[in-house]
Amino acid sequence: MEREPKRIREGYLVKKGSMFNTWKPMWVVLLDDGIEFYKKKIDNSPKGMIPLKGSSIHSPCQDFGKRMFVFKLTTAKQQDHFFQAAYLEERDAWVRDIKKAIQCIEGGQRFARKSTRKSIRLPETINLSALYLSMKDSDKGIKELKLEKDKKVFNHCFTGSCVIDWLVSSNAIRNRKEGLMLASSLLNEGYLQPAGDTSKNAAEGLTDTPFLDLPDAYYYFADSGFFCEGNSSDDDVILKEEFRGTVVKQGCLLKQGHRRKNWKVRKFVLREDPAYLHYYDPAGGEDPLGAIHLRGCVVTAVEDAKKHDVDTNLFEIITANEVHYFLQAATPVERTEWIKAIQVVSRTGK
């Protein structure tokens, strides 16, 4: 009986066409033996499949200087496939898992996270999947926060101490030592992910335990909207998101018209549940001029801005229906903030 391929990672990426220099959003699924890509997430049949056996991956890929966060997968038959992520952390996560999948194929092993239940010595009665769902409960679970450290802002994350506190309060463990064991297993099985150098160094084996019961060790849920805004100066204001009801972010951007291709200043309001980016006349008016549905969209930075009659800080939103929107921010930092905020809403909103 043939074994069902294991799903390792999935999500929207922008993929370059094999025959023409066109880039389109695809729902990409990484299996332990290959990569499938679909036109839409709801599709049952993939548009194509890339076998991983004998393949190699290259990142960062500089073949397309105007496109950021691109990686290249070269198959055993020397066919090149190019994918573009929305931001650095997303690209690195895809590359890390694809590399590991290739290594497992070469070594004749099954893809698994760093350790197993046996190595952690957890009781068989503990259901990690059920525990993970309880941790994510919106009312009784671990609260996702926005935390700042070393001039970086970590969105949708929590501390190692918060995890152990929650495990103790929920009676999942008897003491904090058992909590470290259980949290380490959640980390090693991929339910929790490290955010920041402190927790990443521990996960890579540079400390006594892979998980840290510390207030400055940050983690996030594997399927959350985590993103990191990084390395600003003290003068930069990077905590610009306003959380009023369902409003996530708002501000003025330049928007290119679809018909005349002219650029106009619009006030944008980013909302979740449902996931929409509404735009208004900045001079006033309560009713929006239009809206962009963000669920399942792909958003990327565009470096070839002069092609669109602007200088810099351009980014593009490609909706699930393949409608393209071009927007320009005032600064590189602002562009990064908008891209990451839209990426989060596109994943978590409806």
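1. A residue is called exposed when its relative accessible area is over 50%, and in this predicted model Asn171 meets that cut-off, because its relative accessible area is 68%. Asn171 lies in the loop between α4 (160-169) and α5 (176-188), and its phi is near 60 degrees, a positive value in a residue other than glycine.

2. Gln78 deserves a similar look, since its phi is near 65 degrees, again positive although the residue is not glycine. Gln78 sits in the loop between β6 and β7 (80-84), and it counts as exposed because its relative accessibility is 63%. As background, most residues other than glycine have a negative phi, and most peptide bonds are trans.

3. The peptide bond that joins Ser59 and Pro60 is cis, with omega at about 0 degrees. Pro60 belongs to the loop between β5 (56-58) and β6 (70-74).

4. Turning to the interior, the largest nonpolar core has 23 residues, and those with the most contacts inside it are Met135, Val163, Leu167, Leu192 and Phe211. At least two residues of this core come from each of α3 (128-135), α4, α5, α6 (197-203) and β11 (218-221). A second core, separate from this one, has 22 residues, among them Tyr279, Leu294, Tyr325 and Val345.

5. Which residues is Val163 in contact with, leaving aside its neighbours within four places in sequence? They are Met135, Ile142, Phe158, Ala183, Leu192 and Phe211, and of these, Met135, Leu192 and Phe211 are also listed among the residues with the most contacts inside the largest core.

Terms used. Residues numbered from 1 in each chain as written. Predicted model: local features only at pLDDT ≥ 70, side-chain atom pairs only at ≥ 80, totals over all residues. Heavy atoms only, no water. Helix = DSSP H or I, 4+ residues; strand = E, 2+ residues; numbered from the N terminus. Buried < 20%, exposed > 50% of the residue type's maximum accessible area, 1.4 Å probe, protein only. Core = buried A, V, L, I, M, F, W, Y, C linked by side-chain atoms within 4.5 Å. Contact = heavy atoms within 4.5 Å.
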